[in-house]
Amino acid sequence: MKQEIEKIQSDALAAISAAGDEKSLDDARVAFLGKKGQLTVASAGMRDLSKEDKPVVGQLLNVARQAITSAIDEKQAALEAEADKKSVAGIDLTLPARGLPVGGLHPITQVKDSAIQTLRRMGFALAEGPEIETEFHCFDALNTPEDHPARNEKDTFYFDSGKLLRTHTSSVQIRTMEKVTPPVRIIAPGSAYRRDEIDATHLSVFNQLEGLYVDKDVQLGDLKGTLEFFLQSMFGKDTEVRFRPHFFPFTEPSFEIDIKLHAKGQKPKWIEIAGCGMVDPAVFESLCETRGDDVFSPDKVTGFAFGMGIDRLAMIKWGIKDIRLLIENDVRFLKQFA
Ligand code: PHE
């Protein structure tokens, strides 16, 4: 029996070491360790042995099984390593890897981020308000009378509830001043909605950036200086900025701001990018009523506000001729900003 077991073991080890691929290795495993394999059959012979011989032979069988099993494992690992090596043969592993494609920020996000960064450096903190607004915060509190065209259903998206999609971010001025006490120095970037026909310069959803500064003795010079500095840091030191008298219900005096655009191959032209003005005392008065105190009394504070189109800023910065390109998400267009 002993000799028989030793013979099986050495036959098995020979077959394993001769196996050149996984298939013949598996054949060897079945031939020796399988249900009808030689070692399994030999183990069955234990039954006929005497009580004294059983442990001795059992021990031998165990040793043989272990030796064969570990030889199979080793061979298996060796075959796998060899296959790995073959699969990378001829490949230069020292070559730099091919880069994964990385995304980039949308041009609107880029302009918005850099505007926020500049204004925060000037001391403006971020504020926000809801896009679904009440008529009160969008219009009444901003001194906009019932018969103002912006309040027309043709121009604004109303809900059945009477609420509306805010037509400008100026509602955040009111939302902020309802909560805090002066001085106030905030900016509020966000979406605004108008029932505009979509064309090369209009979208029904667009992006604005609102600003508000309220304190003792804030003057028109502060407004001009702040916005000129801001626009020159966005578009370059030599950027020409123009304040054109205008009307907004919630500022007095009011202006539209133009900057001069020098597009390649075109005559320089003025482009409107923002509205601004000194906060109308009527806005402060209504606020005092809502708040039930007089910390924002027009006798105590003055302020300026501005609202600009972020989409416009992006169009000017990169000379984009059609605003619709900004929402189509065509990668061929967006790639150049990544
Ligand atoms: N809300 C105005 C608009 O959307 C812009 C503006 C903001 C004007 C603040 C004056 C002050 O056109």
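**Exercise 1. Determine how many salt bridges a search of the whole structure finds, and examine the pair Asp26 and Arg29.**

Solution. A search of the whole structure, which is a predicted model, finds 15 salt bridges.

Step 1. One pair to examine is Asp26 with Arg29, whose closest N and O atoms are 3.0 Å apart. The criterion requires a side-chain nitrogen of Lys or Arg within 4 Å of a carboxyl oxygen of Asp or Glu.

Step 2. The two residues belong to helix α2 (residues 22-33) and are three residues apart, so about one helical turn separates them.

Step 3. Burial is judged by relative accessible area: under 20% is buried, over 50% is exposed, and values in between are partly exposed. Asp26, at 37%, is therefore partly exposed, and Arg29, at 35%, also counts as partly exposed.

**Exercise 2. Describe the salt bridges made by Arg291 and by Lys300, and state the accessibility of each partner.**

Solution. Step 1. Arg291 forms a salt bridge with Asp293, and the closest N and O atoms are 3.0 Å apart. Arg291 has a relative accessible area of 22% and is partly exposed; Asp293 is partly exposed as well, with 29%.

Step 2. Lys300 is bridged to Asp294, with 3.2 Å between the closest N and O atoms. The relative accessible area of Lys300 is 44%, so this residue is partly exposed. Asp294 is likewise partly exposed, with 41%.

Step 3. Salt bridges can also be linked: Glu135, Asp140, Glu146 and Arg151 belong to a network of them.

**Exercise 3. Identify the residues that form the patch of negative charge on the surface, and locate Glu80.**

Solution. Step 1. The patch of negative charge on the surface gathers Asp21, Glu22, Glu80 and Asp84.

Step 2. Glu80 is placed in helix α4 (residues 53-87).

Step 3. Membership of a patch requires over 30% relative accessible area and no salt bridge. Glu80 has a relative accessible area of 41% and is partly exposed.

**Exercise 4. Identify the nonpolar patch on the surface that contains Val88, and place Val88 in the structure.**

Solution. Step 1. Val88, Ile91 and Leu93 form this patch, and together they have about 300 Å² of accessible area.

Step 2. Val88 is located in the loop between α4 and α5 (107-121).

Step 3. With 35% relative accessibility, Val88 counts as partly exposed.

**Exercise 5. State the domain bounds and the separation of the domain centres, then compare the sequence and spatial separations of Gly34 and Gly190.**

Solution. Step 1. The domain assignment gives domain 1 (2-87) and domain 2 (107-337).

Step 2. The C-alpha centres of these two domains lie 83 Å apart.

Step 3. Gly34 and Gly190 are 156 residues apart in sequence, and their C-alpha atoms are 72 Å apart in space.

Step 4. Gly34 is found in the loop between α2 and α3 (38-44). Gly34 has a relative accessible area of 12% and is therefore buried.

**Exercise 6. List the buried residues of helix α10 and describe what follows this helix.**

Solution. Step 1. Helix α10 comprises residues 310-318. Its buried residues are Ile310, Asp311, Leu313, Ala314, Met315 and Ile316.

Step 2. After α10 comes Gly319, which has a positive phi, near 65°.

Conventions
Residues are numbered from 1 along each chain as its sequence is written. This is a predicted model: local features need pLDDT of at least 70, side-chain atom pairs count only at pLDDT 80 or more; totals for chains, interfaces and linings use all residues. Side-chain values use heavy atoms; hydrogens and water are left out. Patches are made of residues with over 30% relative accessible area and no salt bridge: like charges are joined within 9 Å, nonpolar side chains (Val, Leu, Ile, Met, Phe, Trp, Tyr) within 5 Å. Accessible areas come from the Shrake-Rupley method with a 1.4 Å probe; for residues, only the protein chains shown count as cover. Lys and Arg count as positive and Asp and Glu as negative; His and the chain ends are not counted. The place of a charge is taken as NZ of Lys, CZ of Arg, CG of Asp or CD of Glu. Helices (H or I, at least four residues) and strands (E, at least two) are DSSP runs, numbered from the N terminus. Buried means under 20% relative accessible area, exposed over 50%, partly exposed in between (1.4 Å probe, protein chains only). Domain bounds come from an automatic or database domain assignment.
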